[in-house]
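This report walks through a few features of one structure for a reader who has not met it before. Please look over the sequence and the model below before reading on.

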Amino acid sequence: KNGGTTYELLNTKKLLLMGKSVAQIENLMTIYDTYKLESGLWKSDIFVRDKQNVDAAKRILNPAVCQCLKKSNEALTKGLRVYLAVGSSLLRCFTDKSLSPKERANLAWKPVIFLRLWKTWLLHEKYDPKTHFVSDQTYTDAILARHSVILNMLVFAKYFPDVPFCPWLFGSDSCEVLFSYLRGFTKGKNNFNFLEMLDITA
């Protein structure tokens with residue numbers, strides 16, 4: 001879901017407009033050439049073939065990218081930096097293991113408020129959300145996923161107070177990473193034996 005927000009930047013039919021600023025992939029292309037090592041970006045993160053590449057989305061949402069954008073052109077990249085900061089909050093509320101419950105709730109809810117206000121502003125200014133906003137699916141996914149963080153925190157606090165709250169294990173990506181690791185444990189062989197899987201994960 002976090003990758004979906006990131007890869008809205010790749011849609012050439014859209015201009016993600018925020019006030020006098022825009023979020024556009026061209027700014028990332030510029031800093032890739034200028035700040036390749038400092039930004040931590042890979043060429044495949046920007047010139048994308050696999051739009052489901054979660055690791056690429058994580059690299060794009062790294063704070064170092066926003067720092068490089070600001071150094072590159074503070075005024076021109078303002079919209080993109082805001083957009084990536086929102087995406088980083090979306091990511092961190094699930095993946096950051098050091099957060100307190102209050103910090104996690106804040107990170108989950110700030111993007112919800114931002115996306116709702118952004119969409120309301122576009123409608124007020126008579127801009128078409130289909131060409132100037134994230135897709136309906138990405139918007140809905142972002143809102144529901146952040147609601148789920150808050151609700152799961154409440155569920156765990158009330159019904160499972162002694163169970164660790166680990167939202168970074170929620171969703172399909174952690175499963176895909178694990179299954180990929182398990183299937184590739186032996187070179188040239190897929191491991192489908194349940195007992196083998198238990199040995200590997202122990």
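## Cysteines and disulfides

In this predicted model, the count of disulfides comes to zero. Cysteine 66 takes part in no disulfide, since the nearest cysteine sulfur, that of cysteine 68, is 9.5 Å away, whereas a disulfide would need a pair of cysteine sulfur atoms within 2.5 Å. Cysteine 68 is likewise in no disulfide, and the nearest cysteine sulfur to it, that of cysteine 66, is 9.5 Å away.

Cysteine 66 counts as buried because its relative accessibility is 18%, and the cut-off for buried is under 20%. Cysteine 68 also counts as buried, because its relative accessibility is 0%.

## The two sides of helix 2

Helix 2 spans residues 25-34, and within this helix Ile25, Asn27, Leu28, Ile31 and Tyr32 are buried. These buried residues lie on the same side of helix 2, because they cover an arc of only 150 degrees around the axis. In general, an α-helix has 3.6 residues a turn, so residues three or four places apart point the same way.

On the other side of helix 2, Asp33 and Thr34 are exposed. The buried residues of helix 2 are covered by elements that include helix 3 (36-39), helix 4 (43-46), helix 5 (54-60), helix 6 (63-72) and helix 7.

## A buried arginine in helix 5

Helix 5, one of the elements that cover the buried residues of helix 2, is also the place of arginine 59. Is arginine 59 buried or exposed? Arginine 59 is buried, because its relative accessible area is 17%, and under 20% counts as buried.

When residues up to four places away in sequence are not counted, arginine 59 touches Gly40, Leu41, Trp42, Asp45 and Val65.

## Helix 7 against helix 10

Two packed helices are described by the angle between their axes and the distance between the axes. For helix 7 (residues 78-95) and helix 10 (residues 136-159), the axes come within 11 Å and cross at roughly 35 degrees, and helix 7 passes helix 10 in a left-handed crossing.

Which residues of helix 7 and helix 10 meet? From helix 7 there are Leu90, Leu91, Cys93 and Phe94, and these meet Ala145, Arg146, Ser148 and Val149 in helix 10. Sorted by class, the contact of helix 7 with helix 10 has six nonpolar residues, one polar residue and one charged residue.

Key. Residues numbered from 1 in each chain as written. Predicted model: local features only at pLDDT ≥ 70, side-chain atom pairs only at ≥ 80, totals over all residues. Heavy atoms only, no water. Axes fitted to C-alpha atoms, helices over the stretch in contact; angles between N-to-C directions. Helix = DSSP H or I, 4+ residues; strand = E, 2+ residues; numbered from the N terminus. Left-handed = near helix turned anticlockwise from the far one by under 90°. Contact = heavy atoms within 4.5 Å. Nonpolar A, V, L, I, M, F, W, Y, C, P; charged D, E, K, R; others polar. Buried < 20%, exposed > 50% of the residue type's maximum accessible area, 1.4 Å probe, protein only. Arc of directions from axis to C-beta.
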